[in-house]
Amino acid sequence: MMRPDLPSGIVLLSTLGVVMRLSAKLPLAAAGLAVLSIAATSLASLTVSGSLSSRAAVDKLEALADARRNELRHYLTTIENDLRNLQAQKSVAKALGDLNAAAAGIAERPLDELQRRYLVDNPNPEGERPLYASAGKDEYDKLHARYHPFFRRFAEERGYRDVLLVNLSGDVVYSLNKKGNFAVNLGREPWKDSGLGRIFAETAEGTDKSRLAFSSYETYRPLGASPSAFIAIPVESLDGKIGALMLEMPDPILGQIIGNRTGLGETGETILLDGNGYFLTDSARTVENDMLNVRLAEALATDEEAIMSRGLDDFRGEEVQMAATGLDAFGTRWTVAAVMTSQEAFAAVTALRNWTLLTALAVLAVATAVAIWFSRRLTRPITNLVGDMSRLASGDTAIACLRRTRSDEIGDMARSVVVFRDALLDRARLETEAEETRTLMEEERQAREFAQAETSLHINETVNMLAAGLERLSQGDLTVRIEQPFGEGLDRLRSDFNLSLERLAVTLGEVKARIADIDGEAGDMRDAVGQLAKRTAHQAATLEEAAAALGAITLTMQRTAEHAASATKIAAAAKASSARSSEVVTSAVGAMAQ
């Protein structure tokens, strides 16, 4: 009866499963298996291929980020080499010493005067101030005209935005581009706490002339809205450290390295970030200047060598894939990141997915049709086998099983039915043989029980005889022996028992003889102990006499000591009298001499 608590869909499926014949189930199963296998294969292929394609896209971004980092690292090494080469040139130290001395010779407020000459009264616009070589007023201007072309040529060849010479007091006595940081003191406000002030303090203090100081990009109001970064190194003469040489980082060249979009497709780009995640280069894909205005904290890399990959849900309004790696910029942590929209990065994955789905649908249709056709061919012979099996179940062993000669599974099934038929024919024979086997086993069982009873009786007799012998032994009868042999396998127990008693009798005789010897030796020891006691008493009397003599000697010695003390007193008195006599004689001799 149908259960009312089951859902109608489950009830329907159960009913169909019961009433459907194999001729209907097999085509459906074949079609379902084809659908399942093709779907699973397609899904696995799509998953593996998609994963490989996605990994390839991420690997590409990681390779691009690593390549940009290596390019930038190489260029930073070039900047360091440029700075150290300038430091090593004697002309740089001489230029700083000469310009510093000449600036100090200007009458009043030399820094204000230098700003007036080269900033306020400079005939060239701000972008062309380096063209003004000399104000033509005093010794400083002559020296400026001499050294200025060298620094200008160096900056133009290398792309640096500015070259600064600073004395130990913090005065910027030379600037190539004559911007707002010329003729100022970096050790005073507002420059003291700026990046320029910090790297000046680092290079001015101590005696290390090889130490580099770097200030990453920040905004300086006197220099305009564009952020600037500086790198500095000490300058020395024969008299020791005299100041610092500073270079303003070449932004255009850094921008070219980071802005190289080779391999980044239509939407990809590389980005340079500072330690807080702010952009250090301007992106070509935005209208506004991104430097220090846009922040991408998700891209910060902690390890210089490791490359971090992740997806960003909202980067400029798009979903992107990003690979970022760290860079050590003169002791400052920078990050190089490569980004690309997920749509472009995984375009190959999307195309692969579409082609995989279309191919799977086509194969699925063909496979379903072939499965249904093939299953129909299988169900017909199976139906005939069902009829033969039904006859066999009713006891009819005259079935022919015509398809048993086939070499496929149908033939195997038909041959199995033949086996069942033959089994029915052999059933009676097997039952007869089984009855005979049971009778034989019963006879063997009874024989084993009889043998076991005989063995138990023999063991009991052996145990009783051994117990009787042990009982006589416990009563002290050492002459007891078991003369009647035990059964096979147990007679050694009787011989061992008899041998043990013989050895025990011999041992007891030896013990008795040893006891007699010990008794004779004990008598001799009693006589010796009596003689020892007599000698001990005699020695005790002798000791008493010696003690009395020792007391008399002690009394004599005490009296002798008293006599010696009296003699000592008499000798002291005699000595004193002799001393007085000596004094009298001495006085008499003196009187006689007078």
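Buried means under 20% relative accessible area, exposed means over 50%, and partly exposed lies in between (1.4 Å probe, protein chains only). The model is predicted: local features need pLDDT of at least 70, side-chain atom pairs count only at pLDDT 80 or more, and totals for chains, interfaces and linings use all residues. Residues are numbered from 1 along each chain as its sequence is written, and side-chain values use heavy atoms, with hydrogens and water left out.

**Exercise 1. Overview**

Task: State how many helices and strands the protein has, and what share of its residues is buried.

Solution:
- Start with the elements. The protein has eleven helices and nine strands. Both are DSSP runs numbered from the N terminus: helices are H or I with at least four residues, strands are E with at least two.
- Turn to burial. Of the 594 residues, 31% are buried.
- Add the contact range. A contact means heavy atoms within 4.5 Å. Among contacts between residues at least 6 apart in sequence, 56% join residues at least 24 apart.

**Exercise 2. A salt bridge within helix 10**

Task: Find what separates Arg 445 and Glu 442 along helix 10, and classify the accessibility of Glu 442.

Solution:
- Apply the criterion. A salt bridge puts a side-chain nitrogen of Lys or Arg within 4 Å of a carboxyl oxygen of Asp or Glu. The structure holds 23 salt bridges.
- Check the pair. The side chains of Arg 445 and Glu 442 meet in a salt bridge, at 2.2 Å from N to O.
- Place the residues. Arg 445 and Glu 442 are three residues apart in helix 10 (residues 409–474), so about one helical turn separates them.
- Recall the geometry. An α-helix has 3.6 residues a turn, so residues three or four places apart point the same way.
- Classify. Glu 442 is partly exposed because its relative accessibility is 34%. Arg 445, at 32%, is also partly exposed.

**Exercise 3. A network of salt bridges**

Task: Name the residues linked in the network that includes Arg 117, and decide whether Arg 117 is buried or exposed.

Solution:
- List the members. Salt bridges link Glu 113, Arg 116, Arg 117, Asp 121, Asp 138 and Asp 141.
- Take one pair. Arg 117 bridges to Asp 138, with the closest N and O atoms 2.7 Å apart. This pair links distant parts of the chain: Arg 117 sits in helix 4 (residues 110–120), Asp 138 in the loop between helix 4 and helix 5 (139–158), 21 residues apart.
- Classify both ends. Arg 117 is buried because its relative accessible area is 6%. Asp 138 has 24%, so it is partly exposed.
- Take another pair. Arg 116 and Asp 121 form a salt bridge at 2.7 Å, N to O. Arg 116 is partly exposed at 32%, and Asp 121 is partly exposed at 41%.

**Exercise 4. Two packings of helix 5**

Task: Describe how helix 5 packs with helix 3 and how it crosses helix 4.

Solution:
- Choose the descriptors. Two packed helices are described by the angle between their axes and the distance between the axes. Axes are lines fitted to C-alpha atoms, for helices over the stretch in contact, and angles run from 0 to 180 degrees between N-to-C directions.
- Set the classes. Under 35 degrees is roughly parallel, over 145 roughly antiparallel, 65 to 115 roughly perpendicular, and the rest oblique.
- Assess helix 3. Helix 3 (residues 90–104) packs against helix 5 at about 155°, with axes 9 Å apart. Helix 3 is therefore roughly antiparallel to helix 5. Residues in the contact include Ala 95 and Leu 99 of helix 3, and Leu 143 and Tyr 147 of helix 5.
- Assess helix 4. The axes of helix 4 and helix 5 come within 12 Å and cross at roughly 50°. Helix 4 is therefore oblique to helix 5. Here Leu 114, Arg 117 and Tyr 118 of helix 4 meet Tyr 140, Asp 141 and His 144 of helix 5.

**Exercise 5. Ala 133 in the loop**

Task: Locate Ala 133 and list what it touches.

Solution:
- Locate. Ala 133 lies in the loop between helix 4 and helix 5.
- Classify. At 28% relative accessibility, Ala 133 is partly exposed.
- List the neighbours. Leaving out residues up to four places away in sequence, Ala 133 touches Tyr 118, Asp 141, His 144, Ala 145 and His 148.
- Check one distance. The C-alpha atoms of Ala 133 and Ala 145 are 5.0 Å apart, with the two residues twelve apart along the chain.
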